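These are my notes on how the nonpolar side chains gather in this structure and how one pair of helices packs. I worked from a predicted model.

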Amino acid sequence: MSDYISLHPEVVEALSRRRPVVALESTVISHGLPFPENLDVVRRMMSAAREGGAIPAVIAVLDGRIRIGVDGDDLEKLASLGPQVMKVSRRDLAVAMASGGDGATTVSATMIGAALAGIAVFATGGVGGVHRGAEASFDVSADLEELARTRVAVVCAGAKAFLDIPKTLEYLETRGVPVIGFRTNQWPGFYCRETGLSVPHRCDDPMQIAQVMRWH
């Protein structure tokens, strides 16, 4: 994989020692928030991972290579360029790499990078989902397909609140994706704890969730 993927030395060491590594997406940096708030938020995300005992690995495409573990000047570059950086989903990965360009990875592309690197857990804010009116537009996020096909567990605050949440839950069921509420029976609404919708399963013990991940 050395032709198209680069792992940060800290990530390599952690994986070799079987220490926990948490993947983080990069679209929240370039497309989610304005500069310099975006840089502050991603640094806080990385600090939160470290405080929890894990090594953070921000994933992005830089100079045509999938980078697993972005920090320092590269992180500032993504933050300062903002929307000028390509937004990279699964469909865009090959284009971004072949052009030798830079790209900020969405949930789906971040999951691909994490899986290639052997990282099992990815933390983000809200995933994509089924859009309102999807029965006519067929607008369904690639994130949902990736959740069904890629061996990476995504820790999130539900789907983005403007989406059709009941249809998103139905789609996840159809695609066989386990949806687990950690110490909650409620599906969260991105920036709020409750939506009035129940999750199909609840786990209060992280070890139980780890077991579910392994068996799934």
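I began with the largest nonpolar core, which has 38 residues, and looked up which of them touch the most other members: they are Ile-68, Ile-119 and Trp-187. I then asked where the residues of this core come from, and found that helix 1 (9–16), strand 2 (21–24), strand 3 (55–62), strand 4 (65–68), helix 5 (93–98), helix 6 (107–117), helix 8 (142–149) and helix 9 (165–174) each supply at least two. Helix 6 gives the most, with 6 residues.

Next I followed Ile-119 outward; leaving aside residues up to four places away in sequence, I found that Ile-119 touches Val-11, Leu-15, Val-21, Val-22, Ala-23, Ala-57, Ile-68, Ala-114 and Val-152. I also noted a second, separate core of 16 residues, with Leu-24, Leu-39, Val-42 and Ala-79 among them.

I then turned to helix 3 (residues 37–51) and helix 4 (residues 72–81), which pack at an angle of about 140° with their axes 9 Å apart. Angles over 145 degrees would count as roughly antiparallel, and the two helices are therefore oblique to each other. I recorded the crossing of helix 3 past helix 4 as right-handed.

Which residues meet between helix 3 and helix 4? On the helix 3 side I listed Asn-38, Leu-39, Val-42, Arg-43 and Met-46, and on the helix 4 side Leu-75, Glu-76 and Ala-79. Sorted by class, this contact has 5 nonpolar, 1 polar and 2 charged residues. Leu-39, Val-42 and Ala-79, which take part in this contact, are also included in the second core.

Technical notes. Residues are numbered from 1 along each chain as its sequence is written. This is a predicted model: local features need pLDDT of at least 70, side-chain atom pairs count only at pLDDT 80 or more; totals for chains, interfaces and linings use all residues. Side-chain values use heavy atoms; hydrogens and water are left out. Axes are lines fitted to C-alpha atoms, for helices over the stretch in contact, and angles run from 0 to 180 degrees between N-to-C directions. Helices (H or I, at least four residues) and strands (E, at least two) are DSSP runs, numbered from the N terminus. Angles under 35 degrees count as roughly parallel, over 145 as roughly antiparallel, 65 to 115 as roughly perpendicular and the rest as oblique. A crossing is left-handed if the near helix is turned anticlockwise from the far one by less than a right angle, and right-handed if clockwise. Contact means heavy atoms within 4.5 Å. Ala, Val, Leu, Ile, Met, Phe, Trp, Tyr, Cys and Pro count as nonpolar, Asp, Glu, Lys and Arg as charged, and the others, Gly among them, as polar. A nonpolar core is a set of buried Ala, Val, Leu, Ile, Met, Phe, Trp, Tyr and Cys residues joined through side-chain atoms within 4.5 Å. Buried means under 20% relative accessible area, exposed over 50%, partly exposed in between (1.4 Å probe, protein chains only).
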